[in-house]
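Student: I should like a close look at a single part of this structure, namely the region that a database record marks out as a domain. Please describe its helix packing, its backbone geometry and the surroundings of selected residues.

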Amino acid sequence: VSVTVPSPSGSKLLVIRNPENESPTQFEIWSSSRLEKEFRIPQSTHGSVYADGWFEGISWNSDESLIAYVAEEPSPCKPSFDCQGYKQGAAKDKECMSWKGQGDWEEEWGECYAGKRQPALFSLCAVEEPSLNFPPYHSGKVHAVKGIAKSLSVGQVVWAPPVESIDQYLVFVGWSADPRKLGIKYCYNRPCALYAVKVPLYKSEAAESDLNPDGKFIVFLSAKASVDSGVHSATDSLHRIDWPTDGKLCSSTKIIDVIPVVNCAEDGQFPGLYCSSFLSKPWLSDGCTMILSSYWRSCQVILSVNVLSGEVLRISAADSGFSWNVLTLDGDNIIAVCSSPIDVPQIKYGCLVDKATNTTAWHWLNVSSPIFKCSDKVTSLLSHLQFGITQIPVKDVSDCLTKGAAQSFEAIFVSSKVNNAPDPLIVVLHGGPHSVSLSSFSKSLAFLSSLGFSLLIVNYRGSLGFGEEALQSLPGKIGSQDVNDVLTAIDHVIEKGLVNPSKITVLGGSHGGFLTTHLIGQAPDKFVAAAARNPVCNLSAMVATTDIPDWCYVESYGSKGKTIFTEAPSAEHLTHFYSKSPILHISKVKAPTIFLLGAQDLRVPVSGGLQYARALKERGVETKIILFPNDIHAIERPQSDFESYLNIGVWFKKYCK
């Protein structure tokens, strides 16, 4: 099963099974007890349905007669050839002495989208009887939605509330391929816009009016701060458009700001919105309060947002350092999950303490769940650990720093409760660089803790969750500001006597691997071993092979990088990239280093990690390489993740005896 989507009433469930080859895509509509309908959509209509969390969009209309969704457009016709040359008409696959050619190359959206065709919008009729409206709708009939420019890649489709007319709107996000498609996964800086398109409406006589939402407004997240600056991810903003009750959209529709970008927050105050998506049904019964999850410094929290007043409240517990994530709403109550680096996920049920008095306090109950039970051995290992979130003051604050960039950053410190002697330390560094390490449970990091290591998980300046000024302080200073922040955090815990300074290791992936390889070169006597997962090692080589060459410019040059980005870097650009790269310091590296590399990585192609590892070997540094032939940038296939962290644990134990 690729994806399941319940209908608005909850009485039906759509199940989609994408094919693994050229066979049809299978749609199933289930009632509570049986399969009611089954449709097989051939490849000539469309390819696989997008279920990627990015372009993905599957939406029932309010009377459950139509389903809109995003799928790969059908395969283009391939040219046919025989021994005489080009052949008129399509060749059959097994026709003797002729064959299908390749045709024109089609650009893709980079990492995670290799071999995927352009996302396009379709609608499926889910009812039995045909409509009298035009075009005729029959059960199982699929229509490609008309009126959308071919240059747009579409996603995140929803039905607008119905109005008394024969037409209904679909609202969706569209990304333009002009001037070309750059990598889009994790990259919120790709320009996009909201679109609405009319779809002839099939009106079911069985429709119930109470299934319709009030439809007063549409709310959307914006990554404009990311698009404007060029960084791959930044502080979000939330906006509202009042939806016309007559269904007549106007090009001058006013966009109302609900939550603006927060540049700098005072201590303990809302640091800004960091929320890549929200629930399909995020609303409380008042029709104007939505519940969503967002990063708040090193924690994920649950917020209630009044989209009319703009009031934002943190409603998950704030005193524990745990991270919370909303799963779904149950009427006006919330089902969520919370965890910490040493506490496995726990289901929580939240309800307002007293609705009658309009209080904003929420009460959270534990919900027993067999899913999150773990063995006695694991429970015992975790019970011997403790964690805290440490404030790290910025070192060498200068007048040229913005207020937000001069504020302290954070590190999550996980250690043993038994403090006879400090344990060896693993410094853990997230990628991005505009991402964040949360105070939530990580199986892999908990495993490393259980081997007898303390963890220092650093959210250096440039991380999400700390305000836009702190985030924007990093572009142009990678390899220096972020490296110095990590060294400052290490010195902070050394000065407090929490770690053994002679047994420090470092682990990071992607930009965290960039920092890992920088640190072992810039501070060669500080680390006894290192582990790098798909690390950025040589920007001057990466810029020509990555799916996000603009990232190299923006992070190396700062805001200027967006303007000067080119597909043909000058000698001056390449020299600048090299000066920012870990490979510049490779002659000073001493720490034995293990590399975990995904052979299918389009983001940080494997050639960069291999070049750096071979250069270390050439210089006599002990090096180990594990190459995963079927993995992409994240190395998150279960077997690969398992093998990675087992080897990292063995490697660090070897050099921390």
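Tutor: In this predicted model, the end C-alpha atoms of residues 440–656 lie 26 Å apart, and the span is 45% helix and 13% strand. UniProt lists these residues, in an unreviewed entry, as "domain: Peptidase S9 prolyl oligopeptidase catalytic".

A suitable place to begin is the packing of helix H4, residues 443–450, against helix H13, residues 638–655. Their axes come within 10 Å and cross at roughly 25 degrees. Angles under 35 degrees count as roughly parallel, so H4 is roughly parallel to H13. The crossing of these two helices is right-handed. On the H4 side, the contact is made by Lys443, Ser444, Phe447 and Leu448, and H13 contributes Asp641, Tyr645, Leu646, Ile648 and Gly649. Sorted by class, the contact of H4 with H13 has 5 nonpolar, 2 polar and 2 charged residues.

Within H4 itself, the buried residues include Ser444, Leu445, Ala446, Leu448 and Ser449. Ser444 and Leu448 thus appear both among the buried residues and among those that make the contact with H13. Just after H4, Gly452 takes a positive phi of about 105 degrees.

The approach to H4 also deserves attention. Pro433 lies in the loop between strand S27, residues 425–429, and H4. The peptide bond that leads from Gly432 to Pro433 is cis, with omega near 10 degrees. Most peptide bonds are trans. Another cis peptide bond joins Asp178 and Pro179, where omega is about 5 degrees. Pro179 is found in the loop between strand S13 (167–176) and strand S14 (192–200).

A second helix pair offers a contrast in geometry. Helix H9, residues 549–557, packs with helix H11, residues 571–579, at an angle of about 70 degrees, and their axes are 10 Å apart. Since angles of 65 to 115 degrees count as roughly perpendicular, this description applies to H9 and H11. Their crossing is left-handed, whereas that of H4 and H13 is right-handed. From H9, Cys552, Tyr553, Ser556 and Tyr557 take part in the contact, and from H11, Glu572, His573, His576 and Phe577 do so. By class, the contact of H9 with H11 has 4 nonpolar, 3 polar and 1 charged residues.

The backbone shows further points of interest in two loops that each join a strand to a helix. Most residues other than glycine have a negative phi. Ser510, however, has a positive phi near 60 degrees. This serine is found in the loop between strand S29 (504–509) and helix H7 (511–522). Its relative accessible area is 16%; buried means under 20%, and Ser510 is therefore buried.

Asn534 likewise has a positive phi, of about 40 degrees, although it is not a glycine. The loop that holds Asn534 runs between strand S30 (529–533) and helix H8 (539–542). With a relative accessibility of 1%, Asn534 also counts as buried.

Asn630 presents the opposite case with respect to accessibility. Its place is in the loop between strand S32 (623–628) and H13, the helix that packs against H4. Exposed means over 50% relative accessible area, and Asn630, at 55%, therefore counts as exposed. Leaving aside neighbours within four places in sequence, Asn630 is in contact with Gln600 and Arg637. The C-alpha atoms of Asn630 and Ser383 are separated by 36 Å, and these residues are 247 apart along the chain.

Finally, Ser298 shows how a residue from another part of the chain meets this region. Ser298 lies in the loop between strand S18 (289–296) and strand S19 (299–306). Its relative accessible area is 0%, and Ser298 is therefore buried. Not counting residues up to four places away in sequence, Ser298 touches Ser323, Ile389, Glu410, Ile412, Ser437, Leu438, Ser439, Asn459 and Phe466. Among these, Asn459 and Phe466 fall within the residues 440–656 that UniProt lists for the domain. Ser298 and Ser222 are 76 residues apart in sequence, and 22 Å apart in space, C-alpha to C-alpha.

Notes:
Residues numbered from 1 in each chain as written. Predicted model: local features only at pLDDT ≥ 70, side-chain atom pairs only at ≥ 80, totals over all residues. Heavy atoms only, no water. Axes fitted to C-alpha atoms, helices over the stretch in contact; angles between N-to-C directions. Helix = DSSP H or I, 4+ residues; strand = E, 2+ residues; numbered from the N terminus. Parallel < 35°, antiparallel > 145°, perpendicular 65-115°, else oblique. Left-handed = near helix turned anticlockwise from the far one by under 90°. Contact = heavy atoms within 4.5 Å. Nonpolar A, V, L, I, M, F, W, Y, C, P; charged D, E, K, R; others polar. UniProt positions renumbered as here; feature names shortened; annotations may be inferred. Buried < 20%, exposed > 50% of the residue type's maximum accessible area, 1.4 Å probe, protein only.
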